[in-house]
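Trainee: Could we go through this one together? I'd like to hear what stands behind each label.

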Amino acid sequence: MADDQIINRNRRDMSTNDESNSIEKSGKTKNTKSSDGLTDLVQIVSVSGLGIAFGFLMNKANVYLAPVIRDQMLFQHFTMIKMFLGAVGASMLSSCIVIVVSESTYRTVCNSFIHRNNRIHGSHLLMGGALIGVGMVLAGSCPGTVFVQMGSGLQNSFLTCLGAICGVLFYYGFLSARLTKDEVPKSSIVLQQLPELIGVKRSYLNLIFGSIFIGTAFTLEHFIPYKNDFITPKGLPSILGWSPVLCGIGIGSLQLFFMMLFKKSLGISTGFTVLVAQLCRVKSLKKLIPSLEPFTYGVQNSLALLFAFGAIGGSFVSTVSANQFPLNEQYGAGVLSSFFGGFLLTLGARCAGGCTSGQGISGVTHLLVGSLIATAGMFGGGMLFAAGYGLITKDWLFRAL
């Protein structure tokens, strides 16, 4: 079957899909099933290993350090963008492999991702993405790297995690029912995919864009070697690392395993939602926030949480092996910035339906226009906030944060 037939079938599947009346109910339906016929034990071991690899590579790329993330927003360092381009490029090439090996698997993954976004309007994508961007500057982290920071021993990262938990509670307590009340019209641009819009086969576009992204990352690496971007606060030894391009390619390659083993896309911010949802095991709290109940039970929810815990473990292994545990707090954010940044990170991620890994890596891989809008909001919001903060305070090194 040709790739354009995959696109047409995507639309047919979307038009007949009435599993639920909300994103949360859709997640509940999926979470009651095992993925791809694998036993629960195999899934648990597999996703834990992938989480460890994710945390280890993110740590080695140094993209979990607050100065790296903040300086990227002002184009003072390019570690983060090189890692991101490498990850998206590898993820796109991974999707090409999945299409060749099992078109039905890719169709299932893609349809599921689109269905999860069918109640997220364009304004929510842009607003949520911008909130993530601001949170990235404040906390010096993104939703995924919070777990990496925790594994490295950064004390204030636990405050970021606490803020992230509060962000999830605020979203599901006050915003979820309002923001996801109406479905996005199927004709909306945010649910369109680039192959449909420009009439080019999906595998061709993924191959072309994937190669361009990876090529761009290596070009940046050639002119701006990653060793020049090592962060060295006064009085502290430099944190050594690996090429962010190669680490990014490794992270993006995890997409292949997620699609083939679990029939789902790579993403990590849901881990916070599943963590908070465990409160629903208490009946009184379940009544207060019923919209979190679908994330409370089920193998798939457990896998999301295990992937996040694996990321903590992988980062811990990387930091300890480099004799840098616990990491000095100068590599993190301040107390208030950590908490409020974490709050905005998960609030934005829930509004936008994903974070830098969910919408940024996976959504862009699926060539969904809505994901491109959310990703633009993340980086655009972060850059505007960083520039505005610098102009107002003259604190271009973010010392007060």
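Mentor: Sure, salt bridges to begin with: the term means a side-chain nitrogen of Lys or Arg within 4 Å of a carboxyl oxygen of Asp or Glu. Keep in mind that this is a predicted model, where local features need pLDDT of at least 70, side-chain atom pairs count only at pLDDT 80 or more, and totals for chains, interfaces and linings use all residues. Residues are numbered from 1 along each chain as its sequence is written, and side-chain values use heavy atoms, with hydrogens and water left out.

Trainee: What makes Glu183 and Arg119 a salt bridge?

Mentor: Their closest N and O atoms are 3.6 Å apart, and the cut-off is within 4 Å, so the pair qualifies. Glu183 sits in the loop between helix 9 (157–179) and helix 10 (194–198), and Arg119 in the loop between helix 6 (103–116) and helix 7 (122–139), so the bridge ties together parts 64 residues apart in sequence. Helices here are DSSP runs (H or I, at least four residues), numbered from the N terminus.

Trainee: Is Arg119 buried or exposed?

Mentor: Buried means under 20% relative accessible area, exposed over 50%, and partly exposed in between (1.4 Å probe, protein chains only). Arg119 has 5%, so it counts as buried, while Glu183, at 36%, is partly exposed.

Trainee: How many salt bridges does a search of the whole structure find?

Mentor: It finds 2. Lys82 also forms one, with Glu221, the closest N and O atoms being 2.9 Å apart. That pair links distant parts of the chain, with Lys82 in helix 5 and Glu221 in helix 11 (residues 202–223), 139 residues apart. Lys82 has a relative accessible area of 0%, so we call it buried, and Glu221 gets that label at 13%.

Trainee: Why is helix 4 called largely enclosed by the rest of the structure?

Mentor: Because 8 of the 8 residues of helix 4 (residues 66–73) are buried. Among them are Arg70, Asp71 and Gln72. The buried residues of helix 4 pack against helix 5, helix 7, helix 8 (143–152), helix 16 (335–352) and helix 18 (369–393). Just after helix 4 comes Phe75, whose phi is positive, near 60 degrees.

Trainee: And why does Leu285 count as partly exposed?

Mentor: Its relative accessibility is 32%, so it falls between the buried and exposed limits. Leu285 lies in helix 14 (residues 283–288).

Technical notes:
Helices (H or I, at least four residues) and strands (E, at least two) are DSSP runs, numbered from the N terminus. Contact means heavy atoms within 4.5 Å.
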